[in-house]
Amino acid sequence: MPLIPLLQFLEPNRLWLLLLIPALVGGYVLLSRRRASKRRSMGRTMFDLVIPKDRVWVRHVAVGLSILSLLTLTLAFAKPKDEVLEDRQRATIVVTIDVSLSMEATDVEPNRLEAAKTAASAFVTGLPTEFNVSLVSFAGTATTLVPPTLDRGAVTAAIEALQPQPSTAIGEGIYTSLAALSQVPPDPDDPTADVPARIVLLSDGKTQVGRASDQAARASRDQNVPIYTIAYGTEDGYIQVGGRREPVPVDRVELQRVAKISGGQAYTAESAGQLDEVYKDIGRSVGKEKVDREVTSRYAGFGLAFAILAALGMISLGARWP
């Protein structure tokens, strides 16, 4: 339990030693007052004329530095910890791609789906080799094309084979992604380990059929699987239907809501270049984790520095006497 704001400790019970500091400060103040009172009662003597008075401020600074040294060394003794970012050793990423007909819009060259396939393949290839990757596609229904695997070639080949299909079912895509996670192979070194998982979902539209995406996002949150959503396309997108233009503007609101409910993060991309950057950012996010690390040496170093400065102050005072 943190006893000092913004700090946490592995041995917080040792912080009770900090109670010594107020006692020492009180004792120093009391002795200083007694010394000053004694000098006033004695008046000036011959020694005051021969021997210069102490530089009182130097003595106070030296004592203050000693107190700071005791404070920081006590903190170090309690083994302070801090959160640091480290590479994840294992994780499972489900790449979930919308293949609805609206993904044929050419507002992104050569079209939304082809650009998405290229970026997704690069994303999968760039993930840590220890990560399992699964591929799910959805339109009117959702399908697990590749269960969680370390075989990047199988995933990228399946991505390249994606073809557009009618309708959009974002909720079904999420539920199928969650089902794919049940197929994650166990860690041979630790079969009972709880391996973190993330869903990276790219879409350009809104749910037309199937279960509600909000409901699916809550299911994902309950399973501790954040969803990183990518709203892909522009407001000017359209497809040809029966010889006429059918507008298919990107819908960001639903995907933002899905990300928020699940505890993930929402992204938008209006070009192939932006999509590449989004996937790179997601890769950095899912590839790192915050872990607690002991940072005792940091506070021990401060304590040593304060102790050295205090010693120099006391030496400068002592050097003035014969």
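Here is a friendly exchange between a student and a tutor about this predicted model.

Student: What kind of model is this, and how are residues numbered?

Tutor: This is a predicted model, in which local features need pLDDT of at least 70, side-chain atom pairs count only at pLDDT 80 or more, and totals for chains, interfaces and linings use all residues. Side-chain values use heavy atoms, with hydrogens and water left out, and residues are numbered from 1 along each chain as its sequence is written.

Student: Let's start with the sheet. What is the strand order?

Tutor: Strands here are DSSP runs (E, at least two residues), as helices are (H or I, at least four residues), both numbered from the N terminus. Two strands pair if DSSP finds at least two bridges between them. The sheet is open, has six strands and shows mixed pairing, and its order is S5-S4-S3-S6-S7-S10.

Student: Which strands are at the edges, and what is the average twist?

Tutor: The edge strands each pair on one side only, and they are S5 and S10, the latter spanning 265-269. From one strand to the next, the twist averages 15°.

Student: Is strand S4 mostly covered or mostly open, and how many of its residues are buried?

Tutor: Buried means under 20% relative accessible area, exposed means over 50%, and partly exposed lies in between (1.4 Å probe, protein chains only). Asn132, Ser134, Val136 and Phe138 point one way from S4, while Val133, Leu135 and Ser137 point the other way. In a regular strand the side chains alternate between the two faces of the sheet. S4, residues 132-138, is mostly covered, and its buried residues number seven of seven.

Student: In which sense does S4 pair with S3, and which residue of S4 stands opposite threonine 92?

Tutor: S3 (residues 92-98) and S4 are joined over seven bridges, in the parallel sense. Together with helix H4 (residues 112-126), they make a right-handed β-α-β unit; right-handed means that, with the strands pointing away from the viewer, the path from the first strand over the helix to the second runs clockwise. The residue opposite threonine 92 is asparagine 132.

Student: How many residues lie between S4 and S5 in their hairpin?

Tutor: S5 covers residues 142-149 and pairs with S4 in the antiparallel sense over five bridges. Valine 136 stands opposite threonine 144, and serine 137 has threonine 143 as its bridge partner. The number of residues between the two strands of the hairpin is three.

Student: Moving to the salt bridges, how many are there?

Tutor: A salt bridge is a side-chain nitrogen of Lys or Arg within 4 Å of a carboxyl oxygen of Asp or Glu. By this rule, the count is eleven.

Student: Why does the pair of arginine 112 and aspartate 204 tie together parts that are apart in sequence, and by how many residues?

Tutor: The closest N and O atoms of arginine 112 and aspartate 204 are 2.6 Å apart. Arginine 112 is buried at 0% relative accessible area, and aspartate 204 is buried at 1%. Because arginine 112 lies in helix H4 and aspartate 204 in the loop between S6 (197-203) and H7 (213-222), the parts that the pair ties together are apart in sequence by 92 residues.

Student: Glutamate 172 also forms a salt bridge; which residue is its partner?

Tutor: Glutamate 172 lies in helix H6 (residues 170-181) and its partner in the loop between S6 and H7, so the pair ties together parts that are 39 residues apart in sequence. Glutamate 172 is buried at 16% relative accessible area, whereas the partner is partly exposed at 39%. With the closest N and O atoms 2.9 Å apart, that partner is arginine 211.

Student: What separates lysine 280 from glutamate 277 in helix H9?

Tutor: These two form a salt bridge, with the closest N and O atoms 3.8 Å apart. Lysine 280 is partly exposed at 47% relative accessible area, and glutamate 277 is partly exposed at 46%. Because they are three residues apart in H9 (residues 272-286), their separation is about one helical turn.

Student: And where is lysine 79 found?

Tutor: Lysine 79 is partly exposed, with a relative accessible area of 29%. Its C-alpha is 8.6 Å from that of glutamine 8, although the two are 71 residues apart in sequence. Lysine 79 is found in the loop between H3 and S2 (80-87).

How values were computed. Axes are lines fitted to C-alpha atoms, for helices over the stretch in contact, and angles run from 0 to 180 degrees between N-to-C directions.
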